[in-house]
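Here are a few exercises to help you find your way around a new structure. Try each one yourself before you read the solution.

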Amino acid sequence: MRMQTGIYWSAAAGGGKNQDSLSLQHIRLQRGECLLAAVCDGIGSLPASQQAGSCAIHCLTDWFYHEGKNLILQNSSRELILLALQRQFHLIQENLRQFQKKQNSETGSTLSAVLIIRNSYYLLHIGDSRIYRIRRRKIPGCRQRYQICCLTRDDTDWQGRLLKCVGVSGEDRAVIEAGRLLARTCFLLCTDGFYRGNKEVSMSQVLGPLLDGSPAGNTRMFDRRLELLGQQSAMAGSRDHMAAVGIVVQ
């Protein structure tokens, strides 16, 4: 399988510093292509929220190029990779706990990530950022050519208040799970500022056609489509910062 990627990052109408962070790491090994994508949304009501997301992103990226890479080279099992991701999440929580202790203040961030290794994908999620999956519909003559579903559940209460995050208490647990990777699949990772102003059907219509392109497709075109969705969200009234990563598996 080959992969095509795109990113979008903007302060949007909210202005000021963008407290959203993202990471996109893509390497080719003899055993195939491997990819890590992640987005974080710092909790703006808490101090140093930008540093919280940045810390989580850097810890996860560093893990990918060290322990993660070794797991790939050693052809490790799904169970071992899931366990390694769990350990790394606990390390992120511990690093943020030490940071808060040193700063004598509370901080936190959401974290949603996708790790792709060979024919499997792994999800790590906590907070209210989201991971979507888009695929072509198999029903002939269906009006909507593409089907979108959200693979994550928002950790919020009925008023939309965040219940879980990385940081603050350091005791919240992330959802970590694995799935089978199929060709002609698009993953979209995005923060709430990006998805709140976009209907799911709009996201599938804008990104779905990328599933029909070649694996050597134009990355700039992917970025442009994510930018279009970001602009649509801003026009719909979203004033929050935005970060999004898109992945198409051919």
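**Exercise 1.** In this predicted model, work out how exposed Asp-154 is, then describe its salt bridge with Arg-130.

*Solution.*
- Start with Asp-154: its relative accessibility is 22%. Buried means under 20% and exposed over 50%, so Asp-154 counts as partly exposed.
- Now take Arg-130, which has a relative accessible area of 19% and is buried.
- Next, look at the gap: the closest N and O atoms of the two side chains are 2.7 Å apart.
- Finally, place the partners. Asp-154 sits in the loop between strands S8 and S9, while Arg-130 belongs to strand S7. The pair links distant parts of the chain, 24 residues apart.

**Exercise 2.** Find the salt bridge between Glu-227 and Arg-224, and say how far apart the two residues are in helix H5.

*Solution.*
- The side chains meet with 3.7 Å from N to O.
- Along the chain they are 3 residues apart in H5, so about one helical turn separates them.
- Check the surroundings too: Glu-227 is partly exposed at 31%, and Arg-224 is partly exposed at 42%.

**Exercise 3.** Which residues of H5 are buried, and where do they lie around the helix?

*Solution.*
- H5 covers residues 219-235 and reaches 24 Å from its first C-alpha to its last.
- Its buried residues are Phe-222, Leu-226, Leu-229, Gly-230 and Ser-233.
- Looking down the axis, you'll see these fall within an arc of 100°, so they line one face of the helix.
- That buried set packs against strands S1, S11 and S12 and helices H3 and H4.
- Turn to the face pointing away from the buried side and you'll meet the exposed Arg-220 and Met-235.

**Exercise 4.** Follow Phe-64 into the largest nonpolar core and describe its aromatic pair with Tyr-65.

*Solution.*
- The core has 30 residues, and Phe-64 is one of those that touch the most other members.
- Several elements each supply at least two core residues, among them strand S3 and helix H2. Helix H1 gives the most, with 9 residues.
- Leaving out residues up to four places away in sequence, the contacts of Phe-64 include Ile-27, Leu-36, Ile-72 and Leu-115.
- Its ring pairs edge-to-face with that of Tyr-65: 5.1 Å centre to centre, with 80° between the planes.
- Compare the two partners: Phe-64 is buried at 0% relative accessible area, whereas Tyr-65 is partly exposed at 35%.

Notes
Residues are numbered from 1 along each chain as its sequence is written. This is a predicted model: local features need pLDDT of at least 70, side-chain atom pairs count only at pLDDT 80 or more; totals for chains, interfaces and linings use all residues. Side-chain values use heavy atoms; hydrogens and water are left out. Helices (H or I, at least four residues) and strands (E, at least two) are DSSP runs, numbered from the N terminus. The expected span of a helix is 1.5 Å times one less than its number of residues. Buried means under 20% relative accessible area, exposed over 50%, partly exposed in between (1.4 Å probe, protein chains only). The arc is that of the directions from the helix axis to the C-beta atoms. Contact means heavy atoms within 4.5 Å. A nonpolar core is a set of buried Ala, Val, Leu, Ile, Met, Phe, Trp, Tyr and Cys residues joined through side-chain atoms within 4.5 Å. Rings of Phe, Tyr and Trp (its six-membered ring) pair if their centres lie within 6.5 Å; planes under 30 degrees apart count as stacked, over 60 as edge-to-face and the rest as tilted. A salt bridge is a side-chain nitrogen of Lys or Arg within 4 Å of a carboxyl oxygen of Asp or Glu.
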